[in-house]
Amino acid sequence: MPFDIEAHVQRLTNDGYTVIEDFADAGALAQARAALAPHLGTHHGRNAFEGFSTERVYTLVARGPVFEHLTEEPRLLALLDRFLQPGYLLTASQAICIYPGEKAQGLHSDDGFYRQPRPRPAISLSLVGAIDAFTDTNGATDVIPGSHRWSDADIAALDPNEAAKMLRPVIMPAGGAVVFQGTLLHRGGANRSDAPRLAFTNQYCEPWGRTQENFYLGVSRERVKAMSPRLQSLLGYNIWPPFMGQVTGSHPLKSLEDDWVTPVDRQALSREA
Ligand SMILES: O=C(O)CCC(=O)C(=O)O
């Protein structure tokens with residue numbers, strides 16, 4: 001299917017979301033399922049937001065090459081380039097399996113924890129990719145089209161019954177992905193079917209934003225070293241000019257060199273010698 005980037009940019013601008021129907025092919029979906037299998041069926045969410053009948057696998061980007069590829073998928077990055085500044089970061093990366101019986105999640109926006117007044121441009125964009133097809137009943141992501149433009153006052157005044165009428169489930173085939181503005185109101189849907197709904201989701205934020213997941217601590221140096229330069233940058237091994245992200249005055253990529261010792265430790269060692 002040809003990728004009409006202008007059409008996607010238009011939908012993201014006007015509606016706050018767009019669907020890439022062929023985001024992941026059958027091979028990628030099979031690899032994703034295989035990589036996730038050992039982690040699923042082991043736990044449930046710890047609160048209503050994570051979902052008591054939902055299972056999340058965090059730090060997905062480090063859990064197999066397929067997730068590295070999906071994180072830096074070229075069509076997605078081309079879209080992100082239109083909304084975020086160069087050097088944007090991966091802020092969250094997880095699998096979400098919504099089990100039968102799960103209630104709908106609370107309505108929220110993904111960049112809401114950057115407590116800046118709305119309306120405003122999104123500080124992050126999110127992708128939710130369907131590993132299982134998203135249907136009317138199995139917990140498809142629900143969105144409120146156009147809500148990315150709402151002010152704080154609009155959101156505070158939102159009547160739950162009115163909100164319910166505005167919600168639209170994002171129905172898409174396995175391999176499809178919805179990309180949406182961090183300002184868009186949405187939620188994981190209720191799973192009223194008899195089968196789980198498995199998805200992967202990545203969120204990307206402005207290069208000056210604090211990331212939800214601390215990938216410096218969550219992804220080992222050895223794994224990061226083996227990743228592509230683009231992925232290393234997405235994980236924070238880059239500078240937001242002139243020097244946000246510097247490591248004791250050096251570029252963070254230096255910390256991936258084989259003989260790296262932190263300058264603080266190197267200086268202490270040379271004083272001791
Ligand atoms: O699983 C979904 O469809 C969306 C979940 C979500 O919005 C979230 O956990 O922030």
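**Exercise 1.** In this predicted model, determine which atom in the side chain of Arg56 approaches an oxygen atom of the ligand, and assess the polar contacts of Gln105 and Arg197 likewise.

*Solution.* Begin with Arg56: an N or O atom of its side chain is 2.9 Å from a ligand oxygen. Next, Gln105 places a polar side-chain atom 3.0 Å from an oxygen atom of the ligand. For Arg197, the corresponding distance is 2.8 Å. A polar contact requires N or O atoms within 3.5 Å. Finally, the ligand taken alone exposes 290 Å², of which the protein buries 95%.

**Exercise 2.** Describe the surroundings of the ligand by residue and by class.

*Solution.* First, list the neighbours: Phe49, Arg56, Ile96, Gln105, His108, Asp110, Thr141, His186, Gly188 and Arg197 surround the ligand. Then sort this shell by class, which gives two nonpolar, five polar and three charged residues. Lastly, locate the site: the ligand takes up the space of the largest pocket.

**Exercise 3.** State how many disulfides the structure holds, and decide whether Cys97 and Cys205 are buried or exposed.

*Solution.* The count of disulfides is zero. For the accessibility step, the cut-off for buried is under 20% relative accessible area. Cys97 counts as buried because its relative accessibility is 3%. Cys205 is likewise classed as buried, since its value is 0%.

Terms used: Residues numbered from 1 in each chain as written. Predicted model: local features only at pLDDT ≥ 70, side-chain atom pairs only at ≥ 80, totals over all residues. Heavy atoms only, no water. Disulfide = S-S within 2.5 Å. Buried < 20%, exposed > 50% of the residue type's maximum accessible area, 1.4 Å probe, protein only. Near = heavy atom within 4 Å. Polar contact = N/O pair within 3.5 Å; in protein donor to acceptor, adjacent residues only side chain to side chain. Areas by Shrake-Rupley, 256 points an atom, 1.4 Å probe, with all protein chains shown as cover. 1 Å grid on protein atoms, 1.4 Å probe; cavity = no way out; pocket = protein on both sides within 12 Å on 5 of 7 lines; lining within 4 Å. Sits in = over half its atoms within 2 Å of the grid points. Nonpolar A, V, L, I, M, F, W, Y, C, P; charged D, E, K, R; others polar.
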